Amino acid sequence: RIIFPYWSRGSVTFMIGRKTTWTSNNKYEQGKYKKLLIHSEERSHIAKCINNSVLFNEDVLLSRPDYVIITEGVTDCLALMQAGFPVISPVTVRLRKDDWTRIIPKLQQVKTVYICQDNEMSQAGLKGALQTAGILGRNGVNVKLTILPPGKKQKEARLELKERFQLTSCVTPKELKEKLADCKIEAIKHAEKLLEAVKIDVNDFFRIGNTRKEFAELLAASVTPLEFGINSLPRDVSGEELNNRLKPLLEEVAHYSPLEQD
């Protein structure tokens, strides 16, 4: 595996390993990424300092940047670091509960926190982004969502899923199998590959040729969670239905009120 170390104040505190074509093909090595085992009662032989208590590149917050980006994967974080952006990553969809107490005071010191997760049909990254945005917003942090646009490959895969399998949005791998239960196994496997091809992450964004300039433009076009919610409302429903869907958004925005934060 390719090993990525987590650094904190000049020392390596944790590690994560990325599977490669040379990784052994067995049950233990199935996961695309593997993190170090951490100390616990069951694993008392592991040092207590191995606890995964630091976000990847968290030290960037020591420089008090005007803004910071939170992204999903370790390679996404590395791609943004290489492009010169201040970025941190929990190396998962959302921050752990144990991280909030330490991270929130640090994020309150920056003007804007941009959350940029994977863009996929399951919307797992988006759901994680909205949950993170809600928690940060309720704690006085100015949050915006940065949405990655699909590239040519993602658009083609999404179109084939729609035309061949009548699948449009918010489909998880499990839901895909359920919806295509009557199809042949070859068709299901092909649909699974298409579902994987639909996803674009930050690393993909740069890999297909986009530059720092294009990502900076995405940051400039970022929206608040409320704006995202309003933009996501369907346009072909009745006024009453629209009001019903708008109500929870208006309730959520109350958490971002400056008066309430004061």
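Q: How many bridges join strand β6 to β7, and which way do the two run?
A: Strand β6 (residues 112–116) is joined to β7 by 3 bridges, and the two run parallel. In β7, Val143 is the bridge partner of Val113. Strands here are DSSP E runs of at least two residues, and helices are H or I runs of at least four, numbered from the N terminus.

Q: Anything to know about the model before I dig in?
A: This is a predicted model, where local features need pLDDT of at least 70 and side-chain atom pairs count only at pLDDT 80 or more, while totals for chains, interfaces and linings use all residues. Residues are numbered from 1 along each chain as its sequence is written, and side-chain values use heavy atoms, with hydrogens and water left out.

Q: Cool, back to the sheet. What's the strand order?
A: The order is β5-β4-β6-β7, an open sheet of 4 strands with parallel pairing (two strands pair if DSSP finds at least two bridges between them). The edges are β5 (87–88) and β7 (143–145), each pairing on one side only.

Q: And which residues partner up along β4?
A: Tyr67 of β4 has Thr112 in β6 as its bridge partner, and Ile70 has Ile88 in β5. In total, 5 bridges join β4 to β6 and 2 join β4 to β5, again parallel.

Q: Why is β4 called largely enclosed?
A: Because 4 of its 5 residues are buried (under 20% relative accessible area with a 1.4 Å probe on protein chains only; exposed is over 50%, and partly exposed is in between), β4 is largely enclosed by the rest of the structure.

Q: Switching to the core: which residues have the most contacts inside the largest nonpolar one?
A: Ile69, Leu80, Phe85, Leu148, Phe206 and Phe215 do, in a core of 24 residues. β1, β2, α1, β6, α7 and α8 (212–220) each give two or more residues to this core, and α1 gives the largest share, 4 residues. A nonpolar core is a set of buried Ala, Val, Leu, Ile, Met, Phe, Trp, Tyr and Cys residues joined through side-chain atoms within 4.5 Å.

Q: Does α3 have the span you'd expect or a deviating one?
A: The expected one: the 15 residues of α3 (residues 124–138) should span 21 Å at 1.5 Å a residue, and the end C-alpha atoms are 21 Å apart, which agrees. The expected span is 1.5 Å times one less than the number of residues. Buried residues in α3 include Gly125, Leu126, Thr132 and Leu136. Just after α3, Gly140 takes a positive phi of about 80 degrees.

Q: Which residues other than glycine have a positive phi?
A: Among them are Asn52, at about 55 degrees, and Arg64, near 50 degrees. Asn52 lies in the loop between β3 (33–35) and β4 (67–71), and Arg64 is also placed in the loop between β3 and β4.

Q: Are they buried or exposed?
A: Asn52 counts as buried at 14% relative accessibility, whereas Arg64 is exposed at 59%.

Q: Last one: which residues lie nearest the centre of the largest pocket?
A: Lys32, Asp118, Glu120, Lys199 and Asp201 do, out of 30 lining residues. Elements supplying at least two lining residues include β1 (2–8), β2 (11–18) and α6 (185–198). On a 1 Å grid over the protein atoms alone, a pocket is an open set of points where a 1.4 Å probe fits, with protein on both sides within 12 Å along at least five of seven lines, and lining residues have an atom within 4 Å of a point.
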